[in-house]
Amino acid sequence: MVTDALPWHAPRGTEAVIDGWLAEGAVRECITGDLTTAATDPSWAPLPDDLAPSLRRALSERGIDRLYSHQALAIDEARRGRHVVIATPTASGKSLCFHLPVLHALASDETASALFIYPTKALSRDQEHALRALITSAELGVAATVYDGDTPGDARRVARERCRIVLTNPDMLHSGILPNHPKWVSTFQGLRYVVLDELHTYRGVFGSHMAHVIARLRRIARFHGSDPVFITATATIGNPLEHAARLIGAPPEQVALVDQTGAPRASRRLFVYNPPVVNAELGIRKSALKESVRLAADLVRARVPTIVFGPSRNSVEVMLKYLRARVGDVAGASAIMAYRGGYLPKARREIERGLRDGEILCVVATNALELGIDIGDLDAVVCAGYPGSVAATWQRFGRAGRRGAHSVCVMVCGSSALDQYFARDPGALTRTSAEEARIDPGNVEILLQHLKCATFEAPFLHRPAGARPAHPDAAAGEAYLSLDASATRDALDYLASHGLVHETAGSYHFTGEAFPANHVSLRNIGWDNFVIIDLATNQSIAELDWRAAHTMLHEQAIYQHDAEQYQVERLDYDNHKAFVRKVAPDYFTTALTYRTVSVIEQATGGALGQARIGLGDVLVEEKVTGYKKIKFFTHENAGYGDVHLPEMQMHTQSFWLTLPESVVGAIPAPRAAVIDGLRGLGRALETVSTLALMCDPRDIGQTLGDGAGPAELAPGRNPFAGRTGGFDPTVFLFDAQPGGVGLAPRIHQRAAELLERARVLMRGCGCADGCPGCVGPSDESTGRRAMALTVLAAIAPRG
């Protein structure tokens, strides 16, 4: 008998899987990077001498008789009254940095309270369990509860009246707590600490909104006589101190940065895997999704607890189906689950519990599991494609080895330019600094929205010329966020001119519609999700946000849920309902979209070589025009269908580069080929802009459209208006967030440098005619890369 063939002698553990990969030529040849991060020892510090005895006892029962050095530093700074930002790696014990100062304060002062803010409802409920467990062990008798949209009415009243610790999310704080602050008097009067976790998620427009919510929170706290200390925590970002200070509205010198971890770190093996080329002419590689499933299947067979990250909700469901088909007989279908936005809260909590309890061996997830939800012991991470930023990559890799065990992480590269950049230079993952988190609280549209909310919550005080102050805060007039007192009054006068506020007796009072917060969405999506209803049971099975509904819930779409397929029979667009029926097709669908950009107003413009460049406000319209049927497993095209839905509109900022008709005509090539070359240059510019600005690729949109003729480039003028003919091809690079967050101005400022970087990228690519790694494959003609370089030479000959 050959014992090695017996099933109980199958390979087990990460080392066995790694050995198998390195021994298999087909896998070994695709590994372009094999990196190891060494284990590190802990750095210890004693517990605070004056820590409440009940807390000391509770920690001792958990085997904690000392702290990591970063925990001790963060706790000490917070207790001394300084705001704190903790920027240590995943699984470094940041929770104790929150819990100990808060619970010590509440144990010492019966009137003290605290507010914990998490970016999602799921995370706040996950953290509630850990906090309550520590409170119970310490026998503190302190009530702590989650206050969110799922909290029943009776529990809400208890939270307002009796809970000294409230856990909530930005949306509920913005629209539920702050407008009703008179009902929260005891909470605000005793507010000692505000905990703000996952700081890195507050970026872009969402982060800009959040800065205003925090400003309103601090204002209401002062109104009730408190001045809380903020304890914040973030995953690795490039500017933790600057970002924290700007978000909470405090000078940087008042914020303590804790970024040197004292926690031990287990060793980690990191592989960068580049799938084999299947079309050398177009630079197309084997599907990153299917290759990720192949590698994940090896880990599941070896009983390695694994998380697989997919780039989208649809891709997660496709990979779940493939993975269950490969290894469902080994692990059981219920041991391989998906986790993504759209699943109902009860289903998500069951998956989280199954992961913590070890019942689920593998989870396929979107970035919904990048955040710090406790999902137990995982030893392997597989990323299907580059997540979009170095910070997000390490956040995902940090999901494995959280309990000190050796872990393995694999990034499976796609064909895109950023993926291929890291495939060619895997060491860049460890050399490249984490991206900066950027917000723009000064965005006028956002500022005015929240100024209305703040005025509703409490009148703004000011001192008219020659008048004595009616209130101590009004001696120089009240300032709001980044505005000084004079600018704040000017903004309030602007609202008064529109009948929204009224000035009287030394203060501004809100006179507009009730609860202005109800009309301000922090996340720039519709308030109402689309509910997905199974026609067979008349029960809701999931929900999707407004934007995702256009691409995933159009009629005849195949909606995938837990590796099962449902066809959308009817979409009630007005009432936000999609009615589906379970089917068993051999294909899934993917939406086809068309995007246009129209300039509303130009802020500045000029010449760059032979091209014209501009910066201004634009309207981006995106419309789902149809869908494509894709065969499962083979990914063959199985047909098309039409979609009839309203377009999605967004106002934002854009940089543009126009190639004048005179330059197009001077290039000795067919006009269509020249325009296709400009399209390729736009792709290269998008790639190098993402790298140079250290932002997520999803933060920048790019398209090719019509540009201006020989128009005047005066600020405040729309050079595209009144066009009756002609076509000057124009590349638009725009902020992909409504209102913009300052990326387009930075692209405009560095346009010459970015064009040179694009030249280097295109010259350095080894493809023949263009590929996803440089200018994208061309459907119109061959030689796109060469033509893009020709266009660039016509614009800027140097280089």
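A crossing of two helices is called right-handed if the near helix is turned clockwise from the far one by less than a right angle. Keep that idea handy, as one helix pair in this predicted model is a good place to try it out. From there we can visit a seven-stranded sheet, a strand hairpin and the nonpolar cores.

**Two helices that cross**
- Helix H4 (residues 69-79) meets helix H5 (residues 94-108), with axes that come within 9 Å and cross at roughly 40°.
- The crossing of H4 and H5 is right-handed.
- On the H4 side, the contact is made by His70, Gln71, Ala74, Ile75, Ala78 and Arg79, while H5 supplies Leu96, Cys97, Leu100, Pro101 and His104.
- Sorted by type, the residues of this contact are seven nonpolar, three polar and one charged.

**A seven-stranded sheet**
- Follow the order E1-E11-E18-E17-E14-E16-E15 and you have walked across an open sheet of seven strands with mixed pairing.
- Strand E1 (31-37) and strand E15 (336-339) stand at the edges with a single partner strand each, so one side of each has no neighbour in the sheet.
- From one strand to the next, the twist averages 15°.
- E1 runs antiparallel to strand E11 (residues 268-273), and six bridges join them; in one of these pairings, Asp34 has Phe271 of E11 as its bridge partner.
- Helix H12 (residues 288-301) packs on this sheet, touching E11, E14, E15, E16, E17 and E18, and its direction makes about 170° with that of E17.

**A hairpin and its parallel neighbour**
- Strand E25 (residues 564-572) pairs with E26 in the antiparallel sense over seven bridges, and Gln565 has Val583 of E26 as its bridge partner.
- Four residues lie between E25 and E26 in this hairpin, and His576 in the turn has a positive phi of about 55°.
- E26 (residues 577-583) also runs parallel to strand E22 (residues 530-534), joined to it by four bridges; here Val531 is partnered with Lys577.

**The nonpolar cores**
- In soluble globular proteins, nonpolar side chains tend to be buried together.
- The largest nonpolar core here has 117 residues, and Trp21, Phe116, Ile165, Ile307, Leu323 and Met411 touch the most other members.
- Apart from that core lies another of 45 residues, including Leu657, Ile667, Ala684 and Ala758.
- Beyond its neighbours within four places in sequence, Met411 is in contact with residues including Phe271, Val272, Tyr273, Cys383, Phe397 and Leu429.

Methods: Residues are numbered from 1 along each chain as its sequence is written. This is a predicted model: local features need pLDDT of at least 70, side-chain atom pairs count only at pLDDT 80 or more; totals for chains, interfaces and linings use all residues. Side-chain values use heavy atoms; hydrogens and water are left out. A nonpolar core is a set of buried Ala, Val, Leu, Ile, Met, Phe, Trp, Tyr and Cys residues joined through side-chain atoms within 4.5 Å. Buried means under 20% relative accessible area, exposed over 50%, partly exposed in between (1.4 Å probe, protein chains only). Contact means heavy atoms within 4.5 Å. Axes are lines fitted to C-alpha atoms, for helices over the stretch in contact, and angles run from 0 to 180 degrees between N-to-C directions. Helices (H or I, at least four residues) and strands (E, at least two) are DSSP runs, numbered from the N terminus. Ala, Val, Leu, Ile, Met, Phe, Trp, Tyr, Cys and Pro count as nonpolar, Asp, Glu, Lys and Arg as charged, and the others, Gly among them, as polar. Two strands pair if DSSP finds at least two bridges between them.
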